[in-house]
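The exercises below are meant to be worked with the sequence and the model open side by side. Try each task before reading its solution.

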Amino acid sequence: MPKYLLLKHYRGGPEPYRPVPPMDEWAPEDVEAHMAFQRHVGELLRENGEYVDAQALTPARTWVRYGGPDAAPVTTDGPLPETSDLAAGWYMIDVESHERALELAAYVSSEPGPGGEPLYEWIDVREVMSGAPAHD
Amino acid sequence: MLKPTQRLDEGALRALVPGLLAALVRRGEDFAAAEDALQEALLEALRVWPKHPPRDPGAWLATVATRRLVDVRRSDAARRGREERLLEQREPEPADTQPGDDTLFLLFCCCHPDLSPASQVALTLRTVGGLTTPEIADAFYVPEATMAQRISRAKRALRGRRLNQPGDLAVVLRVLYLVYTAGHAGRVDLAAEAIRLARQLALATEEPEARGLLALMLLNHARLPARFDAEGRIVTLDRQDRSLWDTREIAQGVRVLQSALALKRRGRYQFEAAIAALHDDAVNYSETDWQQILAWYDDLVALSDDPVRQDPASMLGRAVAVGHVLGSAAALRETDRLREVLGDRHRWYAVRGYLHELGGDLLAAGAAYAEAARRATNVAERDHLVRQAARARAAELGTVALPRSSR
């Protein structure tokens, strides 16, 4: 079965379908509903036998490259174009088909936002390349 | 002794490991080789004992491990041919040591200052705690192969080191506290494991700080049942259901702390335990004895010449106590001094948020909590801080009433 990464972003991607303020400015009950939905998605994927992994990333980012022989690594945290992607986290799922991955991504995107209305958040769906056949 | 009808008690089996390993290393066996041999003996025991329980489990394991060591030495010797004569089996030294000495000895081996903290923790859990490599890997969310490699590299690093001089107890205490704070992820409750090890350590040494650490763990662990709600959300001290606290563990922690303080050699774990004890002692949050807590914090930060630089975490904790004793403005000034050292940490913003809220400045509190949430590195804490920010902002807008009626 193919594995897919359902990537969520702090920023980047298509124009938001429904622009919303940061979550810390939502009504407390909307925050609760949102977080409850996220727990529910995790449980659902586990129950379905489709769950592989879920992780959240902090927004802090450091770019680093080889500095050359005998030199320290070179780092930068900007400036970057404001449009650059910043991943926020992912679900990794193991599913029957690409269609199923899209279906689950759309469900993730239906998570409640301010006022309890769906967020319509764009989810970045990426297929994971399979490695060499495992031989244990 | 194991009766045939008894089910194999893995806890009792694990408890035998430190003594046996210490005896092997003391008689001159290589630490890594001895540990491997003992692990294999344990696996053999798990396989054989359920049907054929030994009369003396410890002696059985020692015999099997020794046989294994001899086998390894023989095959190595065969490989290396002429070195054979050098590898004759050494005579065991008379066993005149106490079990506690063995634990301490092994902790010093595992917490060798040349090892990285991650290696010290892994080796301690495996060797003194008797956990399996998959269990340790699970607890730290890394693949089993990664943890196996970390442990074998740590053991390799110890090869050839003299392991007979007294180690650094401060490092051992720090490693055990690291194990404790790693909490309980996965199948193994690391906090409980750390308490078990700290208990052994406290029995093995007269050092009051060992007891201080044990007391600190017990007094914090007692509150664990109230620290998360059914959905896994963080519940802060001011809102915890105190009837869920483990009163037996608190009583035990207080006793251990008193026995430590009686030795009149004070140290940071004793001070931190005293602060935890005062929190545990309050019937409700508003009854908290902040005056006394602040006094203990003063002692704690006085252990450093330059506490702002050397112990900013304690200074930050102290600021909360200052807020309750002297008011939020004084406390915020205290945190200003820490900005340079801690100003990019989520905890600094979280404490600022709390202090602003204490002073009734909900707008500033919301902003500080939101900033803290952006810097959090733990999902439960991040979610908690987002909630705090949303709640403070909503209260500022007057859309909901402040649920903290006790303030």
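**Exercise 1: one helix and its neighbours**

The buried residues of H14(B) pack against helix H13 (268–281), helix H15 (307–310) and helix H16 (312–326) of chain B. This is a predicted model, in which local features need pLDDT of at least 70 and side-chain atom pairs count only at pLDDT 80 or more, while totals for chains, interfaces and linings use all residues. Residues are numbered from 1 along each chain as its sequence is written, and chains are lettered from A and ligands numbered from 1 in the order in which they are written.

Task: find which residues of H14(B) are buried, and work out how they are placed around the axis of H14(B).

Solution. Begin with the terms: helices (H or I, at least four residues) and strands (E, at least two) are DSSP runs, numbered from the N terminus. A residue is buried if 20 or more other C-beta atoms lie within 10 Å of its own, exposed if 12 or fewer, and partly exposed in between, with C-beta atoms placed from the backbone. By this rule B:Ile293, B:Trp296, B:Tyr297, B:Leu300 and B:Val301 are the buried residues of H14(B). Seen down the axis of H14(B), these buried residues fall within an arc of 135°, so they line one face of the helix; the arc is that of the directions from the helix axis to the C-beta atoms. The spacing can be understood from a general rule: an α-helix has 3.6 residues a turn, so residues three or four places apart point the same way. As a last step, check the length: the 12 residues of H14(B) (residues 290–301) should span 16 Å at 1.5 Å a residue, and the end C-alpha atoms are 16 Å apart, which agrees. The expected span is 1.5 Å times one less than the number of residues.

**Exercise 2: two further helices of chain B**

Task: for helix H17 (residues 328–336) of chain B, list the buried residues and say which residues on the other side are exposed.

Solution. The buried residues of H17(B) are B:Ser328, B:Ala331, B:Leu332, B:Glu334 and B:Thr335. Viewed down the axis of H17(B), they fall within an arc of 150°, so they line one face of the helix. On the other side of H17(B), B:Ala329, B:Arg333 and B:Asp336 are exposed. The buried residues of H17(B) pack against H16 and helix H19 (346–358) of chain B. Helix H5 (residues 117–127) of chain B, by comparison, is mostly covered, with 9 of its 11 residues buried.

**Exercise 3: a buried alanine**

Task: describe the surroundings of B:Ala368, a residue found in helix H20 of chain B.

Solution. B:Ala368 counts as buried because 27 other C-beta atoms lie within 10 Å. Leaving out residues up to four places away in sequence, B:Ala368 touches B:Tyr349, B:Arg352, B:Gly353 and B:His356, where a contact means that the C-beta atoms, placed from the backbone, lie within 7 Å. B:Tyr349 is 19 residues away from B:Ala368 along the chain, and their C-alpha atoms are separated by 5.3 Å.

**Exercise 4: the strands of chain A**

Task: trace the partners of strand E1 (residues 3–11) of chain A.

Solution. Chain A has 2 helices and 6 strands, which follow the pattern β-α-β-β-β-β-α-β along the sequence. Two strands pair if DSSP finds at least two bridges between them. E1(A) pairs in the antiparallel sense with strand E5 (residues 86–94) of chain A over 8 bridges, and 5 bridges join E1(A) to strand E6 (residues 124–128) of chain A, also antiparallel. A:Leu6 has A:Tyr91 as its bridge partner in E5(A), and stands opposite A:Val125 in E6(A). E5(A) also pairs with strand E2 (residues 51–56) of chain A, in the antiparallel sense over 5 bridges.

**Exercise 5: where the chains meet**

Task: establish how many residues each chain gives to the contact, and which helix of chain B gives the most.

Solution. The contact takes 18 residues from chain B and 12 residues from chain A. On the side of chain B that touches chain A, helix H20 (362–375) and helix H21 (379–397) of chain B each supply at least two residues, and H21(B) gives the most, with 9 residues.

Note on methods:
Two residues are in contact if their C-beta atoms, placed from the backbone, lie within 7 Å.
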